[in-house]
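Welcome to this tour! Open your viewer, get ready to select a few residues at a time, and let's walk through the chain together.

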Amino acid sequence: HADGGQVQFGVTNLVVRRSTFDVSTCDGNAALFVAPDQGPSTPGPVLVEGCRLLGGNYALYCVDGNNGQYLIGGITIRDNILGKATYGTHNVNVPIVDWSGNRTLDGRVVTL
């Protein structure tokens, strides 16, 4: 499967801004996949802002790594467009510092 963008390791100071990740025309898993499966846990921060995330099983997949062993802290997901995906716009199982202004392609507010 494909991911438009993928984080597999713990990160610090990651900014993803005004970008488009579109896996709607392929066998995509997620437009943006954030899961630090390879570790280590890190404090972040991570900012995803003003992006268009389209397609996949979930447009945004933001979860812990290695079945809860690793986490990235300080995650902000703000002012993004989350497009149609197989199972839903997002799958998030980690704390999010700021989730605001996220909308679907037709303008509906996306809540956690």
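Begin by selecting strands S7 and S10, which run parallel and are joined by four bridges. Before going further, keep in mind that this is a predicted model. Now pick Tyr58 in S7 and look across to S10: which residue is the bridge partner of Tyr58 there? The partner is Gly88.

**Stop 1: the other side of S7**

Keep Tyr58 in view and turn towards S4. Here Ala30 stands opposite Tyr58. Add residues 28-34, which make up S4, and residues 58-62, which make up S7; the two strands run parallel, and four bridges join them. Another pair to highlight is Leu32, which stands opposite Leu60 in S7.

Is S7 enclosed or open? Four of its five residues are buried, so S7 is largely enclosed by the rest of the structure. S4 is mostly covered too: seven of its seven residues are buried. Here, "buried" means that a residue has under 20% relative accessible area.

**Stop 2: the whole first sheet**

Next, bring in S1. Five bridges connect S1 with S4, and the pairing is in the parallel sense. Select Gly5 and you will find Leu32 of S4 opposite. Leu32 is worth a label, as this residue also stands opposite Leu60 in S7.

Now show the four strands together. They form an open sheet in the order S1-S4-S7-S10, with parallel pairing. Why is one side of S1 and of S10 left without a neighbour in the sheet? S1 (2-7) and S10 (88-92) stand at the edges and have a single partner strand each, so nothing in the sheet flanks their other side. Look at how the strands are turned as well: neighbours in this sheet are turned by 20 degrees against each other on average, direction ignored.

**Stop 3: the second sheet**

Hide the first sheet for a moment and select S5 and S8. These strands pair in the parallel sense over four bridges. To see one of the pairings, click on Leu47, whose bridge partner in S8 is Thr76.

Add S2 and S11 to the selection. You now have an open sheet of four strands with the order S2-S5-S8-S11 and parallel pairing. S2 (14-17) and S11 (98-100) are the edge strands; each has a single partner strand, so one side of each lacks a neighbour in the sheet. On average, neighbouring strands of this sheet are turned by 5 degrees against each other, direction ignored.

**Stop 4: the nonpolar core**

Bring everything back and switch on side chains. In soluble globular proteins, nonpolar side chains tend to be buried together. In this model, the largest nonpolar core has 21 residues, and Leu53, Leu60 and Ile75 touch the most other members. The elements giving two or more residues to this core are S4, S5 (46-49), S7 and S8 (75-78).

Zoom in on Leu53. What does Leu53 touch, leaving aside residues up to four places away in sequence? The contacts are Phe21, Ala31, Leu32, Ala59, Leu60, Ile81, Leu82 and Gly83. Leu32 and Leu60 are the pair you met earlier, standing opposite each other in S4 and S7.

**Stop 5: two cis peptide bonds**

Now move to the loop between S4 and S5, where you will find Pro40. The bond between Gly39 and Pro40 is a cis peptide bond, with omega about -5 degrees. Pro45 lies in the loop between S4 and S5 as well. Its peptide bond from Gly44 is also cis, with omega near -5 degrees.

**Stop 6: two positive phi angles**

For the last stop, select Arg18, which sits in the loop between S2 and S3 (20-22). Its phi is near 50 degrees, a positive value in a residue other than glycine. Is Arg18 buried or exposed? With 68% relative accessibility, Arg18 counts as exposed.

Finish at Asn67, in the loop between S7 and S8. Asn67 has a phi near 55 degrees, again a positive value in a residue other than glycine. Asn67 counts as exposed, with a relative accessibility of 79%; the cut-off for "exposed" is over 50%.

Definitions and conventions
Residues numbered from 1 in each chain as written. Predicted model: local features only at pLDDT ≥ 70, side-chain atom pairs only at ≥ 80, totals over all residues. Heavy atoms only, no water. Pairing = 2+ DSSP bridges. Axes fitted to C-alpha atoms, helices over the stretch in contact; angles between N-to-C directions. Buried < 20%, exposed > 50% of the residue type's maximum accessible area, 1.4 Å probe, protein only. Core = buried A, V, L, I, M, F, W, Y, C linked by side-chain atoms within 4.5 Å. Contact = heavy atoms within 4.5 Å.
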